[in-house]
Amino acid sequence: MKIEEILPAASEDQKAFILDHGKVENGKLKYQDDLTSYGWNIKRYNRLKPGAFVLNRHPGKIQQDRKFEIYAGGYVESISEPDSEGNVVAKISHPFKIVPEIKQGDTLIENIKWESKNKKEGSWEHFWNQYGMNEISFNDFKELTKSINCIPINDEITFDDEDLTTTEVSVLEEYTSEGFTVTIDENGPTHKVKEKMFKGIARKPNYEKIQKAKSKIGALGEEIVLDLLNKKADNDGLMEPTHVSKKEGDGLGYDIKAWDKNGDEIHIEVKTTKSNYSDGFEMSWSEVEASKDITYKYQIYRVYDLNIETKECKIRIFEGPVNEENFKLVHTRVAVYKK
């Protein structure tokens with residue numbers, strides 16, 4: 001895909017930056033630093049603002065061949081409040097990987113006529129900002145990215161729900177749905193799904209940590225939806241919903257059993273993520289099959305944009321059945337048996 005297909009529409013005064021990643025002190029990253037976040041100290045640099053387009057750069061000094069590379073990017077969704085020392089963290093949404101990376105020496109970058117920076121011919125000396133945050137013009141950004149190919153990185157690929165802050169982890173240790181502010185949004189943002197050739201990305205995910213984080217976030221989402229349904233039942237005089245996945249176990253194809261005003265049964269599956277997309281969730285075969293049972297009404301409560309620290313989230317409700325007529329289904333796993 002092209003970058004303009006991944007990032008939000010540019011504003012009239014669109015800002016753009018190239019950010020250096022990989023700053024290490026005492027053998028560890030100095031700031032939070034990955035595809036979906038970027039940390040720095042505002043006492044040294046404070047020009048990056050929400051709404052900016054960013055490209056990620058590995059400086060030559062941390063590369064084995066001593067040549068810098070521009071390898072990824074995204075959109076600055078928000079910036080945290082500074083801590084006592086002035087450290088902040090930006091949340092990067094719409095992340096993407098550049099394939100292949102733009103390397104120092106490549107014709108593309110060596111021949112750019114920079115509008116916003118001065119570059120010595122044949123040299124990169126004194127070009128990059130010493131604090132690792134380089135503001136460039138939007139025209140420079142477009143020139144640099146106009147002919148490159150990208151792979152969008154969503155929460156199924158980067159496991160965004162694994163990237164929990166220390167505070168979020170502590171909250172999840174004894175998670176509670178009490179006090180959450182829930183916004184029902186029937187038109188939440190969705191992924192742009194396009195047919196494309198697969199190109200693998202090398203990574204070493206911590207599957208144990210990923211599964212633990214997803215399980216806890218999933219359980220929290222179910223409790224949030226159950227609270228919402230209990231309040232609705234009280235207000236409308238309906239039968240009290242049942243948390244079947246907790247009482248009877250997984251495998252039924254849904255998490256909660258509820259009833260409508262006519263006394264008809266509703267089977268509800270809950271899908272929860274920190275991602276700000278309302279779709280792109282995965283379902284098991286049993287869940288898909290359960291959604292096709294015409295005996296009951298089937299709904300998916302998609303809990304998304306979950307902020308564990310501020311206790312806020314959005315919910316979008318999808319109606320079953322889950323089939324090719326109602327949804328675009330992308331198969332991400334294949335079971336293989338010997339003939």
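In the hairpin formed by strands S14 and S15, four residues lie between the strands, and Lys-311 adopts a positive phi near 55°. The model described here is a predicted one. Lys-311 belongs to the loop between S14 and S15 and is partly exposed, with a relative accessible area of 22%. Its phi value is noted since this residue is one other than glycine. The two strands of the hairpin run antiparallel and are joined by seven bridges. Within this pairing, Asn-307 stands opposite Glu-312 in S15.

A positive phi is also found at Asp-305, where the angle is near 50° in a residue that, again, is not glycine. Asp-305 lies in strand S14, which covers residues 297-307. Asp-305 is partly exposed, and its relative accessible area is 22%.

Strand S15 has a further partner. Strand S11, made up of residues 181-184, pairs with S15 in the parallel sense over four bridges. In this arrangement Val-182 is placed opposite Cys-313 of S15. S15 thus takes part in an antiparallel pairing with S14 and in a parallel pairing with S11. The segment that follows strand S15 (312-319) contains Pro-321. The peptide bond between Gly-320 and Pro-321 is cis, with omega about 5°. Another cis bond leads from Val-99 to Pro-100, with omega near -10°. Pro-100 is located in strand S8, which spans residues 87-103.

The chain as a whole contains eight helices and 15 strands. It has 339 residues, of which 45% count as buried. Among the contacts between residues at least 6 apart in sequence, 66% join residues at least 24 apart. The accessible surface of the chain amounts to about 20,000 Å², and carbon and sulfur atoms account for 47% of it.

Lys-271, in strand S13 (residues 265-272), is an example of a buried lysine. This residue counts as buried because its relative accessibility is 13%, below the limit of 20%. The side chains of Lys-271 and Glu-287 are joined by a polar contact of 2.9 Å. When residues up to four places away in sequence are left aside, Lys-271 touches Phe-281, Glu-282, Met-283, Glu-287, Ile-300, Tyr-301, Arg-302 and Val-303.

Aromatic side chains were examined next. The structure holds 14 aromatic pairs. One of them is formed by Phe-68 and Trp-124, whose rings are arranged edge-to-face, with 5.0 Å from centre to centre and 85° between the planes. Phe-68 lies in the loop between strands S6 (53-58) and S7 (69-79), whereas Trp-124 lies in the loop between helix H2 (107-110) and strand S9 (133-136), so the pair ties together parts that are 56 residues apart in sequence. Phe-68 and Trp-124 are both buried. The two residues also belong to a cluster in which ring pairs link Phe-68, Trp-114, Trp-124, Phe-127 and Trp-128.

Charged side chains are placed over two rings of this cluster. The charged end of Arg-57 sits over the ring of Trp-128, at 4.1 Å from the ring centre. Lys-119 lies over the face of Trp-124, and here the distance to the ring centre is 4.5 Å.

Note on methods:
Residues are numbered from 1 along each chain as its sequence is written. This is a predicted model: local features need pLDDT of at least 70, side-chain atom pairs count only at pLDDT 80 or more; totals for chains, interfaces and linings use all residues. Side-chain values use heavy atoms; hydrogens and water are left out. Buried means under 20% relative accessible area, exposed over 50%, partly exposed in between (1.4 Å probe, protein chains only). Two strands pair if DSSP finds at least two bridges between them. Contact means heavy atoms within 4.5 Å. Accessible areas come from the Shrake-Rupley method with a 1.4 Å probe; for residues, only the protein chains shown count as cover. A polar contact is a pair of N or O atoms within 3.5 Å; within protein, one must be able to donate a hydrogen and the other to accept it, and residues adjacent in sequence count only if both atoms are side-chain atoms. Rings of Phe, Tyr and Trp (its six-membered ring) pair if their centres lie within 6.5 Å; planes under 30 degrees apart count as stacked, over 60 as edge-to-face and the rest as tilted. A charge sits over a ring if NZ of Lys or CZ of Arg is within 6 Å of the ring centre and within 35 degrees of the ring normal.
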